[in-house]
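Trainee: I should like a close look at one helix packing in this model, followed by a brief account of enclosed space.

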Amino acid sequence: MEITKERYSLVTPANWSLSYLCECDMSAIKNKQYFTKQLLAWNLLYNHRFMPWKGEKDPYKIWLSEIILQQTRVEQGWAYYERFIKNFPTIKQLAAAPDDKVLKLWEGLGYYSRCRNLLTTARLIVEEYKGKFPDNYETIVQLKGVGPYTAAAIASFAYQLPYAVVDGNVIRVLARYFGEDRPVDDSIVKKQLSLLAQELVDKQKPGIYNQAIMDFGATICKPKNPLCSTCILQKNCEADKQEKALLWPIKSKSIQKKNRFLTYFILHWEEKICVVQRVEKDIWQHLYEFYVHETISKPIWNNNSIEKFIVSTFNIKKFAMHSSNVWHKQTLTHQYIHAMFVEVHCTTKPTIPVPHKWVTQKELNKIAFPKIITTFLKATFV
C-alpha cells in the first residue's frame with residue numbers, strides 16, 4: 001500500500017518526524033518492502049524461539065495464551081498456559097468451570113480482571129456462538145478483555161487475516177528502524193506507528209509476519225542489549241545509523257506509584273481460619289485474604305498496640321498472638337503493596353466486622369489468594 005500525503009493528512013501534524021514520511025517517494029516504499037522481506041527471511045533462517053502456543057491455529061488456545069501473556073513474561077506465563085490447557089482443553093470446559101477453580105489456577109499471575117474477563121468471554125462464546133470462536137476481527141475485538149492487539153493476534157494466527165499486532169516489542173522495532181524520535185506513548189505517535197505496522201504486514205503471511213516481528217523484538221531488538229552488530233536489518237536502521245538504539249524508543253510518561261500498607265490478622269478458632277473475599281472494585285477483586293487493616297502510611301506496631309487492636313476489633317480477651325513485625329513487599333503497576341502478618345489463636349469465637357467464612361487448612365490450600373499472601377503462606381506455617 002503506497003503512502004501518500006493525503007492518506008495521512010487527517011492524523012499527521014506538520015512536524016511529522018519519521019524518516020519514511022519525510023519524502024513520500026519510491027525509496028521510502030522500497031525501505032518498507034525491504035523491512036518486511038528481511039524480517040521474514042530472518043524468521044525462516046534464524047528464528048528458533050520455541051513457545052507451546054507458537055504456530056497454534058486453534059483460536060481458543062491463541063486467545064488463552066494472549067490473555068495470559070498480557071503484562072506477563074513468557075517465562076512466567078508458559079506454565080500457566082499448560083496448566084489451563086490441561087484443565088480446560090476446550091472453551092466449553094473453561095466456560096463451565098467454577099470461578100474459584102479458575103481463579104486458583106490463575107493465582108500468581110496478577111491483574112485478576114484478566115481472569116474474570118476470560119470467564120465472561122468464554123461463557124459468552126458458548127452461549128451466543130455455540131462454543132465456536134468468532135472468525136472476524138470486528139467481532140473478536142468487541143469481546144470483553146480483548147483489545148486491538150489480542151484481536152489482531154487471533155485474527156492473523158488462527159484465520160490468516162491481515163491485521164498487525166502492535167505491542168511493546170513491535171513499537172520498539174519500528175521506532176528504532178524508522179527513526180521515531182518522539183515519545184511513543186504520545187497518542188498521535190502511537191496511532192501513526194499502528195498505521196505503519198498495518199502497512200508492513202505481509203498480506204499473504206500475516207500470522208508468520210506478526211510472530212516474526214514479536215520474536216525479533218524479544219530476541220534481537222531487545223530493550224537494553226540490542227544485538228545490532230548481527231541484526232539483519234542493520235543496513236537501513238535509523239537507530240543504528242544515528243547510534244541511538246539505546247535511547248529509542250522515547251517515553252515521556254512515568255508512572256507515579258503509591259504505597260499501601262496492609263496488616264493482615266490470621267485468625268484461628270477451633271482449627272479453622274478466617275478468610276475474607278475482596279469484593280470492592282480494587283486490586284485482587286474476588287480473591288480471598290485474611291482480615292486486613294489498611295493504612296496510608298506505615299503503622300508503628302508493637303505488642304501492646306497490636307493486642308489493643310485485636311481486643312477492640314474482634315471483641316476477644318484471651319488469645320495467643322505472634323508477629324515477626326516484618327513487612328513483605330509486592331510491586332504492582334501503579335502501587336507498592338506492603339504487608340505484615342499477625343497470627344492470632346483465639347480461645348473464644350471472635351467477632352468479625354466484615355462478611356467472612358471459616359475454612360480448614362485443607363480448604364485454605366484450594367482458595368485463590370493474592371501473590372503476597374501465597375508467598376507468605378508457603379514460607380511459614382501453612
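Trainee: Are helix 3 and helix 13 roughly parallel or roughly perpendicular to each other?

Mentor: This is a predicted model, in which local features need pLDDT of at least 70 and side-chain atom pairs count only at pLDDT 80 or more, while totals for chains, interfaces and linings use all residues. Residues are numbered from 1 along each chain, and side-chain values use heavy atoms, without hydrogens or water.

Helix 3 spans residues 26–46 and helix 13 residues 206–219 (DSSP runs of H or I, at least four residues). Their axes (lines fitted to C-alpha atoms over the stretch in contact) lie 9 Å apart, at an angle of about 80° on a scale from 0 to 180 degrees between N-to-C directions. The two helices are therefore roughly perpendicular (65 to 115 degrees).

Contact (heavy atoms within 4.5 Å) involves Phe-35, Thr-36, Leu-39, Leu-40, Trp-42 and Asn-43 on helix 3. Facing them on helix 13 are Ile-208, Tyr-209, Ala-212, Ile-213, Asp-215, Phe-216 and Thr-219. By class, this contact comprises 9 nonpolar, 3 polar and 1 charged residues, with Ala, Val, Leu, Ile, Met, Phe, Trp, Tyr, Cys and Pro taken as nonpolar, Asp, Glu, Lys and Arg as charged, and the others as polar.

As for enclosed space, the whole structure holds 1 cavity of 30 Å³ or more (points on a 1 Å grid where a 1.4 Å probe fits but cannot get out). The largest cavity contains about 130 Å³, the space filled by probe spheres set on its points. It is lined by 16 residues (an atom within 4 Å of a point), of which Arg-176, Cys-221, Cys-228, Cys-231 and Cys-237 are the closest to its centre. Helix 11 gives the most to this lining, with 3 residues.

Conventions:
Angles under 35 degrees count as roughly parallel, over 145 as roughly antiparallel, 65 to 115 as roughly perpendicular and the rest as oblique. On a 1 Å grid over the protein atoms alone, a cavity is a set of points where a 1.4 Å probe fits but cannot get out, and a pocket is an open set with protein on both sides within 12 Å along at least five of seven lines; lining residues have an atom within 4 Å of a point.
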